[in-house]
Amino acid sequence: MADIVPTKPGQQVKVTTLDADIEEAARIAEALVFASAEPVEEALIVRKLPQGVNVRSVMDRLVQQYADRGVNLVRVGDAWAFRTAADLAFLIRDEKTEIRKLSRAGLEVLAIIAYHQPVTRAEIEEIRGVATSKGTLDVLLESGWVRMRGRRRSPGRPVTYGTTTGFLDHFGLAELGDLPGVEELKGAGLLSGRIPANFSFPMPGEGDELAEDEDPITQMDLEELGLLAPRGEEN
């Protein structure tokens, strides 16, 4: 079906019902993302859109509409958010208060988690060659950049760590695959030019799906880790 929309005298343009549905869906998606202080999960947007509308078509249209504006619509993992255009970020950088100052140890642990996830504390220590304090991991967890993913199916069932949507959002990454590679890090002076020729980073797993050797964290696990009071106890 199509509606006839008059434009100029003697000229008419056909607007299909599908076009109208996508336009209305774009308005809904735009409102949802604009009203949220945090990136909006794509699954939530899908639930709010008219039935049968392709969410990626809707979001792609909005991305194009905002491409040349002061704010851009960007994908953050499986979520969407409005962010200041990269070429204008310097105008507001001085107005932002940075409260997450990491130590060198914190930065090293964050980098290991980002590139090696899912990874356990013992594996982090093996890569660094030194012990990792609980305080360092606590700071990363409190920052919202790192999360407990699950528990490894190995003796002791150690906790596995991974990054969050907040990590992607803060560092301007759409997905973990956008993490800089060896050549990019060398070009930025963050890697020595003498690294072995066969040196490479592992590719971190995508999404929130658990690996084959991971189990989900249960309430019993949270109680055991001291993150939740045992059932029946008074707060």
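**Close-up 1. Arg149 and Glu214 pair up in a buried salt bridge.** In this predicted model, Arg149 has a relative accessible area of 8% and counts as buried. Its partner Glu214 is buried too, at 2% relative accessibility. The two side chains meet in a salt bridge, with N and O 2.8 Å apart. Arg149 belongs to strand S7 (residues 146–152) and Glu214 to strand S9 (residues 214–215), so this pair ties together parts that lie 65 residues apart in sequence.

**Close-up 2. Arg151 of strand S7 reaches Asp221 of helix H10.** Here the closest N and O atoms of the salt bridge between Arg151 and Asp221 are 2.9 Å apart. The pair links distant parts of the chain, since Arg151 sits in strand S7 and Asp221 in helix H10 (residues 219–224), 70 residues away in sequence. Are these two side chains buried or exposed? Arg151 is buried because its relative accessible area is 3%, under the 20% cut-off. Asp221 is likewise buried, with a value of 5%. For context, the structure as a whole holds 15 salt bridges.

**Close-up 3. A salt bridge joins Arg104 and Glu108 within helix H5.** The side chains of Glu108 and Arg104 meet with N and O 3.4 Å apart. Both residues lie in helix H5 with their positions 4 residues apart in numbering, which is about one turn of the helix. Arg104 is exposed, with a relative accessible area of 69%, whereas Glu108 counts as partly exposed at 30%.

**Close-up 4. Helices H5 and H6 cross.** Which helices have axes that come within 10 Å of each other? They are H5 (residues 104–116) and H6 (residues 121–128), and their axes cross at roughly 115°. That angle makes H5 roughly perpendicular to H6. The crossing of H5 and H6 is right-handed. As a reminder for reading this view, two packed helices are described by the angle between their axes and by the distance between those axes.

**Close-up 5. A nonpolar patch lies on the surface around helix H4.** Leu88, Phe90, Leu91 and Ile92 form this patch, and together they have about 360 Å² of accessible area. One of its members, Ile92, is found in helix H4 (residues 89–93). Ile92 is partly exposed, because its relative accessible area is 36%.

**Close-up 6. Lys101 and Ser143 are separated in sequence by 42 residues.** In space, their C-alpha atoms are 9.6 Å apart, and the sequence separation in the title is 42 residues. Lys101 lies in the loop between H4 and H5. How exposed is Lys101? Its relative accessible area is 69%, so Lys101 counts as exposed.

**Close-up 7. Phe34 of helix H1 is shown with Phe82.** Phe34 lies in helix H1 (residues 17–35). With 69% relative accessibility, Phe34 counts as exposed. How far apart in space are Phe34 and Phe82? Their C-alpha atoms are 6.8 Å apart, while 48 residues separate them in sequence.

How values were computed:
Residues numbered from 1 in each chain as written. Predicted model: local features only at pLDDT ≥ 70, side-chain atom pairs only at ≥ 80, totals over all residues. Heavy atoms only, no water. Patch = residues over 30% accessible without salt bridge, like charges linked within 9 Å, V, L, I, M, F, W, Y side chains within 5 Å. Areas by Shrake-Rupley, 256 points an atom, 1.4 Å probe, with all protein chains shown as cover. Salt bridge = Lys/Arg side-chain N within 4 Å of Asp/Glu carboxyl O. Helix = DSSP H or I, 4+ residues; strand = E, 2+ residues; numbered from the N terminus. Buried < 20%, exposed > 50% of the residue type's maximum accessible area, 1.4 Å probe, protein only. Axes fitted to C-alpha atoms, helices over the stretch in contact; angles between N-to-C directions. Parallel < 35°, antiparallel > 145°, perpendicular 65-115°, else oblique. Left-handed = near helix turned anticlockwise from the far one by under 90°.
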